[in-house]
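Me: Could you pick one part of this fold and take me through it slowly? I'd like to see how it sits among its neighbours, and then how that fits the chain as a whole.

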Amino acid sequence: MKQLLLATRNAHKTEEIVAMLEGCFKVADLSSFPDAPEVEETGVTFGENSTLKAVAISKVSKSLVLADDSGLEVDALQGSPGVYSARFAGPDADDPANNQKLLTELTGVPMEQRTARFRCVMVVARSGVVLGEFEGSVEGRILEESRGAGGFGYDPLFVPEGHVQSFAELGPGIKNGLSHRARAMKEVAEWLRLTD
């Protein structure tokens with residue numbers, strides 16, 4: 001079975017990716033490698049940040065490495081929070097703080113103007129060399145209040161196109177089939193199956 005190292009310590013991301021790969025790969029993340037370097041995300045795009053992480057981790061691992069960077073782009077906020085999604089409310093912000101800041105920024109914005117998308121860019125690297133870059137996105141809108149207890153990040157505020165429930169209400173079975181990460185991962189999985 002092929003091995004894949006995820007350049008993340010985010011257990012939620014790891015769970016999602018493992019579920020999407022349906023047991024086709026042996027997956028580990030950086031929680032298994034406590035000595036792996038912390039990679040500062042200094043890029044201004046999701047692709048740049050993914051590349052920084054994939055290249056750095058692949059230099060200290062013999063495994064094929066997959067890194068992703070993803071976030072929420074809100075049209076009424078000129079694409080913010082974007083690459084700053086995880087730290088929108090500050091460097092030590094948690095999900096509730098980020099969600100509250102987003103709601104505050106969108107105060108008074110009517111529902112028809114609350115369009116947004118989740119975007120994800122994944123980069124695969126080995127031995128410091130980028131082997132592929134893959135992208136996925138899902139369009140939707142931002143609610144005026146949080147709904148649902150599932151998911152993480154902005155999931156309680158984001159309703160994907162074609163649905164009336166938030167990602168946090170839809171559950172992992174549906175979310176993992178249509179999310180930005182799922183769409184990028186589908187491309188990655190197909191590429192992985194075709195390569196040695």
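Reply: Let's start from one residue pair: the bridge partner of Asp 68 in strand E4 is Met 122. Bear in mind that this is a predicted model. Asp 68 belongs to strand E3, which covers residues 64-74, and that's the part I'd look at closely.

The pair is one piece of a longer contact: 10 bridges join E3 to E4, which covers residues 115-126, and the two strands run antiparallel. E3 also pairs with strand E1 (residues 2-6), here in the parallel sense and over three bridges. If you want a residue to look for in that pairing, take Leu 6, whose bridge partner in E3 is Leu 66.

Now for the side chains. In a regular strand they alternate between the two faces of the sheet. In E3, one set is Leu 64, Leu 66, Asp 68, Ser 70, Leu 72 and Val 74, which point one way. Val 65, Ala 67, Asp 69, Gly 71 and Glu 73 point the other way. So is either set exposed, or are they buried? All of them are buried, and that includes Asp 68, Asp 69 and Glu 73. Because 11 of the 11 residues of E3 are buried, the strand is largely enclosed by the rest of the structure.

For contrast, try helix H6, residues 180-194. Its buried residues include His 180, Ala 184, Val 188 and Leu 192. The buried set covers an arc of only 160 degrees around the axis, which puts these residues on the same side of H6. On the other side of the helix, Lys 186 and Leu 194 are exposed. The length of H6 checks out too: its 15 residues should span 21 Å at 1.5 Å a residue, and the end C-alpha atoms are 22 Å apart, which agrees.

Stepping back, the chain has six helices and six strands, and from the N terminus on they run β-α-β-α-β-α-β-β-β-α-α-α. Buried residues make up 47% of the 196 residues. Among contacts between residues at least 6 apart in sequence, 58% join residues at least 24 apart. The radius of gyration is 17 Å, which agrees with the value near 16 Å for a compact globule of 196 residues. Along its principal axes, the C-alpha trace spans about 50 × 30 × 25 Å.

Technical notes: Residues are numbered from 1 along each chain as its sequence is written. This is a predicted model: local features need pLDDT of at least 70, side-chain atom pairs count only at pLDDT 80 or more; totals for chains, interfaces and linings use all residues. Side-chain values use heavy atoms; hydrogens and water are left out. Buried means under 20% relative accessible area, exposed over 50%, partly exposed in between (1.4 Å probe, protein chains only). Helices (H or I, at least four residues) and strands (E, at least two) are DSSP runs, numbered from the N terminus. Two strands pair if DSSP finds at least two bridges between them. The expected span of a helix is 1.5 Å times one less than its number of residues. The arc is that of the directions from the helix axis to the C-beta atoms. The radius of gyration is taken over C-alpha atoms; the globule rule is 2.2 Å times the number of residues to the power 0.38. Contact means heavy atoms within 4.5 Å.
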